[in-house]
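Welcome! Let's take a friendly walk through this structure, one step at a time.

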Amino acid sequence: MATGRTHRPATRSRGIPEATVARLPLYLRALTALSERSVPTVSSEELAAAAGVNSAKLRKDFSYLGSYGTRGVGYDVEYLVYQISRELGLTQDWPVVIVGIGNLGAALANYGGFASRGFRVAALIDADPAMAGKPVAGMPVQHTDDLEKIIRENGVSIGVIATPAGAAQQVSERLIAAGVTSILNFAPTVLSVPDGVDVRKVDLSIELQILAFHEQRKAGEEPGAGTAAAAAAAAGQAPQATASPAAGSRKSGPDGDVPAVMPA
C-alpha cells in the first residue's frame, strides 16, 4: 500500500504559515470522514474538493508537513489523519474550562466533538451563585471564586469564554493570571491580552452580517447600497432604506472568502 510517508522531522522548526494552520482542521475533518468509510487512499484533487480548497494549495500545505503522497496513488488517509493530528497537538489530552454557562456555554458543554478531537472539558464555571452545583452535560457547575484553583488543579492551558461582553475582559485577565495561555472567545467584544497569549474570536453576529451582505448582493441590490448596509450593520446602526434596484442591474456573486464560524 502506498503510504505517502515521505517525511522530514521537526516540521515546527521550519515554520508553518498561519494560513496553512487554519486549513489543517478542514483537511482533518475531510480525512476523518474518509477514514470512517474505510477509504485507504485519496488523491489531492479529491481531498481538496472535500475540504473546499484548490489542489495546488493543498499540496503546498502538505509540503510544510513533509508529506508529498505517491504519484498515481495519492495520500494514505490514516497516516495523514495521524500526521495532521500530531501537528495540531491533538495526540495529547487538552483540559479545557468553559466560563459562562448560559445558553451558549451550556450548548458548548454538551458538544460531543471535544473528546473525539483531543479536548477534555475539565470544568464548567459561572459567576451566578444559583448555578453552583447545577449539573450541565453531566458536570456540576463551579463558581468563579474557585477559577484559579480549578485551573491549577487541572493543568488547564485553554479557556473558553462564553460570558456577556461586559465580563469577558475581567475573566480573560483572571484566566491568564492563573496560567491559561490560549483563549477561545465567544463574547461579543475584543479582548486585550499580553504577548504570548493566543485568542481566537468567534462572533456569530458578525458572520451572519457578512452572510446577509452576500445574500443582498445575490438578490441584485446595487453594490454601493449593499456595502453601505454592511457597514451600517457592522457599526450597529440601522441601514438606510434603499430604492429598488434599477431594471437590468447586474447581479454578482460574493467576492472573496467568508471566514468559517467554527472548526468542525
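Here we follow a few helices and then the cores. Keep in mind that this is a predicted model.

A good starting point is the pair α3, residues 44–51, and α4, residues 55–65. Their axes lie 8 Å apart, and the helices pack at an angle of about 100°. Angles from 65 to 115 degrees count as roughly perpendicular, so α3 and α4 are roughly perpendicular to each other. Where they meet, α3 brings Ser 44, Glu 45, Leu 47 and Ala 48, while α4 brings Ser 55, Leu 58, Arg 59 and Phe 62. Sorted by class, that contact has 4 nonpolar, 2 polar and 2 charged residues.

Next, look at α5, residues 77–87. Here 8 of the 11 residues are buried, so α5 is largely enclosed by the rest of the structure. Among the buried ones are Val 77, Tyr 79, Leu 80 and Ile 84. At the N-terminal end of α5, Asp 76 acts as a cap, with a side-chain oxygen 3.3 Å from the backbone nitrogen of Glu 78. After α5 comes Gly 89, which has a positive phi, near 80°.

Now for the interior. The largest nonpolar core has 21 residues, and those touching the most other members are Tyr 27, Leu 31, Val 42, Leu 47, Leu 58, Phe 62 and Ile 84. Helices α2, α3, α4 and α5 each supply at least two residues of this core, with α2 giving the most, 6 residues. Try centring your view on Leu 47: beyond its neighbours within four places in sequence, its contacts include Tyr 27, Ala 30, Leu 34 and Leu 80. Elsewhere, a second, separate core of 18 residues includes Val 97, Val 99, Leu 147 and Ile 183.

Methods. Residues are numbered from 1 along each chain as its sequence is written. This is a predicted model: local features need pLDDT of at least 70, side-chain atom pairs count only at pLDDT 80 or more; totals for chains, interfaces and linings use all residues. Side-chain values use heavy atoms; hydrogens and water are left out. Axes are lines fitted to C-alpha atoms, for helices over the stretch in contact, and angles run from 0 to 180 degrees between N-to-C directions. Helices (H or I, at least four residues) and strands (E, at least two) are DSSP runs, numbered from the N terminus. Angles under 35 degrees count as roughly parallel, over 145 as roughly antiparallel, 65 to 115 as roughly perpendicular and the rest as oblique. Contact means heavy atoms within 4.5 Å. Ala, Val, Leu, Ile, Met, Phe, Trp, Tyr, Cys and Pro count as nonpolar, Asp, Glu, Lys and Arg as charged, and the others, Gly among them, as polar. Buried means under 20% relative accessible area, exposed over 50%, partly exposed in between (1.4 Å probe, protein chains only). A polar contact is a pair of N or O atoms within 3.5 Å; within protein, one must be able to donate a hydrogen and the other to accept it, and residues adjacent in sequence count only if both atoms are side-chain atoms. A nonpolar core is a set of buried Ala, Val, Leu, Ile, Met, Phe, Trp, Tyr and Cys residues joined through side-chain atoms within 4.5 Å.
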